[in-house]
Structure formats: structure tokens, C-alpha cells
Amino acid sequence: MSRMEKTEGIIEARGLVKQFGDVTAVNNISLFVGKGELFGLLGPNGSGKTTMIKMLTGQLRPTSGSATVIGVDVVKDPVGVRERVGIIPEQETPPSFLTSVEYLDFVGEVRGIPDVQKKADWWFDFLEFSDKRDVLCKDLSRGTRQKLMFTQAFLHKPALALIDEPLINFDPIMQHKVKEYLTGYVKSGNTIFISTHILGIAEEICSGFAILHKGKLLHTGTVAGLKENNQHLDDFFLSLVRKDDHG
Ligand SMILES: Nc1ncnc2c1ncn2[C@@H]1O[C@H](COP(=O)(O)OP(=O)(O)O)[C@@H](O)[C@H]1O
Ligand SMILES: [Mg+2]
């Protein structure tokens with residue numbers, strides 16, 4: 001694995017397992033993500049992407065295995081991990097009883113972010129939802145809630161952001177804007193880890209990727225590597241998953 005030697009590991013997972021009763025949601029996954037990557041965790045619904053992200057962000061304790069994220073052990077110090085990274089959980093919504101701006105103030109307080117008002121204003125402007133700053137979160141559309149979740153994850157400029165299905169509630173114009181932001185964010189030396197079942201997005205913006213199926217890791221590779229072999233991610237993905245289904 002020459003990639004492992006060349007780059008500094010910002011995510012290193014070793015044999016992660018998560019069991020929910022009889023269901024093995026994540027089955028012995030080892031993963032290495034280097035600094036500066038925009039890494040995509042790909043897989044059909046139910047393949048274990050969300051469970052994986054929850055373990056990597058200290059939200060869910062692995063049944064076995066271990067992982068370090070920005071050098072912090074996710075089992076020994078889950079709070080330390082959450083302090084250092086940005087997280088956008090899947091289908092999470094901001095607190096219903098706060099307005100957009102109150103929520104961002106709250107995040108600023110918890111994370112100890114200086115000049116949070118100024119930073120929040122930049123995001124209201126950039127994601128075009130300044131008109132929603134004083135609206136209660138319960139009255140926001142799904143798309144606007146996603147904008148707010150996006151903002152809270154990047155407000156403190158984390159070295160690593162983990163985003164579960166980043167673009168799912170955005171319209172095409174906003175998707176384009178967010179994709180540009182993400183690719184720019186890694187160019188300045190940060191790292192982004194996204195999960196998605198939308199392969200087109202991964203092919204467009206990701207550097208490295210991993211394919212999960214039924215909790216198992218089927219493949220890790222680079223988008224550049226696929227292109228060199230004239231392969232398309234969707235064909236590659238489908239053939240791997242079908243082979244795994246039919247033996
Ligand atoms: N809290 C839970 N309790 C029981 N089963 C769960 C729980 N969370 C996830 N699972 C199961 O684990 C598997 C992987 O789920 P998930 O990580 O959400 O997949 P994905 O994000 O790829 O759609 C699924 O079979 C799902 O039903
Ligand atoms: Mg999921």
C-alpha cells in the first residue's frame with residue numbers, strides 16, 4: 001500500500017465492527033484516509049456508511065476494532081474527536097426551538113469560536129439564506145435546515161469534516177456551490193470524508209473512495225485510477241456489488 005507510506009493518515013480504522021443484535025452493520029473494516037483527501041464512502045442503502053461515520057466521530061462505540069481520527073482514539077476519547085472535527089449527521093435537524101442565528105450562536109459558544117456573528121453572516125450570504133436567520137428552525141424547509149447543518153460543521157474550520165450524504169436536500173444550484181466549496185476546502189490542506197450513494201457526486205469531487213456492501217469493504221481506490229483504466233465508477237460499483245451478491 002504505497003499510499004499509506006506517502007501520506008499522513010488523518011483517519012486510520014483497524015478492523016472496525018459494529019453489531020446491532022444479529023445484524024453486523026459494519027464487518028471488520030480497515031480504512032486509511034490521507035490528509036488533503038476528499039474521500040467518499042460509497043455503498044447501497046444499508047451497507048453500513050452511517051454506522052461507520054458514527055463510529056469515526058465518537059457517536060457510536062465499536063463492538064470491536066479501533067480507529068484514530070486526527071490522532072485521537074475514537075474509543076478512548078470520543079469527546080476529543082468531536083471537538084476537533086466537523087460533523088453533519090444524516091437526517092439530523094437543528095433544535096426546533098432556536099432560530100437559525102441563535103443555533104449558530106450556540107454552536108459558537110460550545111466550540112469557543114471567536115467572531116461567530118461575522119462568520120455566521122458569511123455563511124448566510126454564501127448559502128443564500130440570510131432571510132431565514134430569525135426564523136425558528138422548526139419552520140425551515142429541509143434544504144434550509146441542511147444549509148444550517150452545513151454551516152455549523154464548517155464554522156470552526158475543522159481540519160477534517162465528516163458529512164453523511166452531503167447534498168441530498170440541495171437543489172442543483174446549491175449542490176454546485178457546495179461541491180465547489182468542498183473541493184476548495186481540501187485544496188487548502190483540510191480533509192473531507194463523505195458518505196454517499198450518489199455515485200456521480202463521488203466521481204466528480206472525490207479523490208479516494210471505498211465501496212461498502214452489507215457491512216463489508218469490497219474495494220478502496222482512487223477516482224484517478226479508474227479514469228486511467230477508462231472505467232466509470234457506476235459500472236465498477238455495480239459489477240463489484242453484483243459479484244458480491246452472486247458469488
Ligand atoms: N441503531 C440500530 N439498530 C439496529 N440496526 C441498525 C441500527 N443502525 C443501523 N442498523 C442496521 O445496520 C445496517 C447498516 O445501516 P446504516 O449504517 O444506516 O447503512 P447506510 O448508511 O449505508 O444506509 C442496516 O441493516 C441497518 O438496518
Ligand atoms: Mg446512511
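A residue is called buried if 20 or more other C-beta atoms lie within 10 Å of its own, exposed if 12 or fewer do, and partly exposed in between. The structure described here is a predicted model, and this definition is applied to it below.

**Helix H5**

On one side of helix H5, the residues Lys118, Trp122 and Asp125 are exposed. On the other hand, Ala120, Trp123 and Phe124 of this helix, which spans residues 116–126, are buried. These three buried residues lie on the same side of H5 because they cover an arc of only 105 degrees around the axis. A general property of helices helps in reading this pattern: an α-helix has 3.6 residues a turn, so residues three or four places apart point the same way. The buried residues of H5 pack against two other helices, H4 (100–111) and H6 (142–154). Just after H5, Glu128 takes a positive phi of about 55 degrees.

**Domains and the nonpolar core**

The protein chain is divided into two domains: domain 1 comprises 40–85 + 158–235, and domain 2 comprises 94–157. Taken over C-alpha atoms, the centres of domain 1 and domain 2 are separated by 23 Å. Where the domains meet, 8 residues of domain 1 are in contact with 8 residues of domain 2. On the domain 1 side, strand E7 (160–164) and helix H7 (172–187) each supply at least two of the residues that touch domain 2. By class, this side of domain 1 has 6 nonpolar, 1 polar and 1 charged residues.

The largest nonpolar core has 59 residues, of which Leu42, Leu56, Leu162 and Phe193 touch the most other members. Both domain 1 and domain 2 give residues to this core, so the core lies between them. Leaving aside its neighbours within four places in sequence, Phe193 is in contact with Ile11, Val33, Phe39, Leu41, Leu160 and Leu162.

**The surroundings of ligand 1**

The residues around ligand 1 are Phe20, Val23, Ala25, Gly43, Asn45, Gly46, Ser47, Gly48, Lys49, Thr50 and Thr51. Strand E2 (23–34) and helix H2 (49–56) each supply at least two residues of this shell. Helix H2 gives the most, with 3 residues. Sorted by class, the shell has 3 nonpolar, 7 polar and 1 charged residues.

**Three residues in the later part of the chain**

Most residues other than glycine have a negative phi, and most peptide bonds are trans. Lys214 has a positive phi of about 50 degrees although it is not a glycine. Asn230, likewise not a glycine, has a positive phi of about 55 degrees. Lys214 is found in the loop between strand E9 (208–213) and strand E10 (216–222), whereas Asn230 is placed in the loop between helix H9 (223–228) and helix H10 (233–246). Ser239 lies in helix H10. The table gives the surroundings of these residues.

| Residue | C-beta neighbours within 10 Å | Class |
|---|---|---|
| Lys214 | 17 neighbours | partly exposed |
| Asn230 | 6 neighbours | exposed |
| Ser239 | 11 neighbours | exposed |

Asn230 is classed as exposed because it has 6 other C-beta atoms within 10 Å. Lys214, with 17 such neighbours, counts as partly exposed. Ser239 and Ser96 are 143 residues apart in sequence, and their C-alpha atoms are 43 Å apart in space.

Notes: Residues are numbered from 1 along each chain as its sequence is written. Chains are lettered from A and ligands numbered from 1 in the order in which they are written. This is a predicted model: local features need pLDDT of at least 70, side-chain atom pairs count only at pLDDT 80 or more; totals for chains, interfaces and linings use all residues. A residue is near a molecule or strand if its C-beta atom, placed from the backbone, lies within 6 Å of it. Helices (H or I, at least four residues) and strands (E, at least two) are DSSP runs, numbered from the N terminus. Ala, Val, Leu, Ile, Met, Phe, Trp, Tyr, Cys and Pro count as nonpolar, Asp, Glu, Lys and Arg as charged, and the others, Gly among them, as polar. The arc is that of the directions from the helix axis to the C-beta atoms. Two residues are in contact if their C-beta atoms, placed from the backbone, lie within 7 Å. Domain bounds come from an automatic or database domain assignment. A nonpolar core is a set of buried Ala, Val, Leu, Ile, Met, Phe, Trp, Tyr and Cys residues joined through C-beta atoms within 7 Å.
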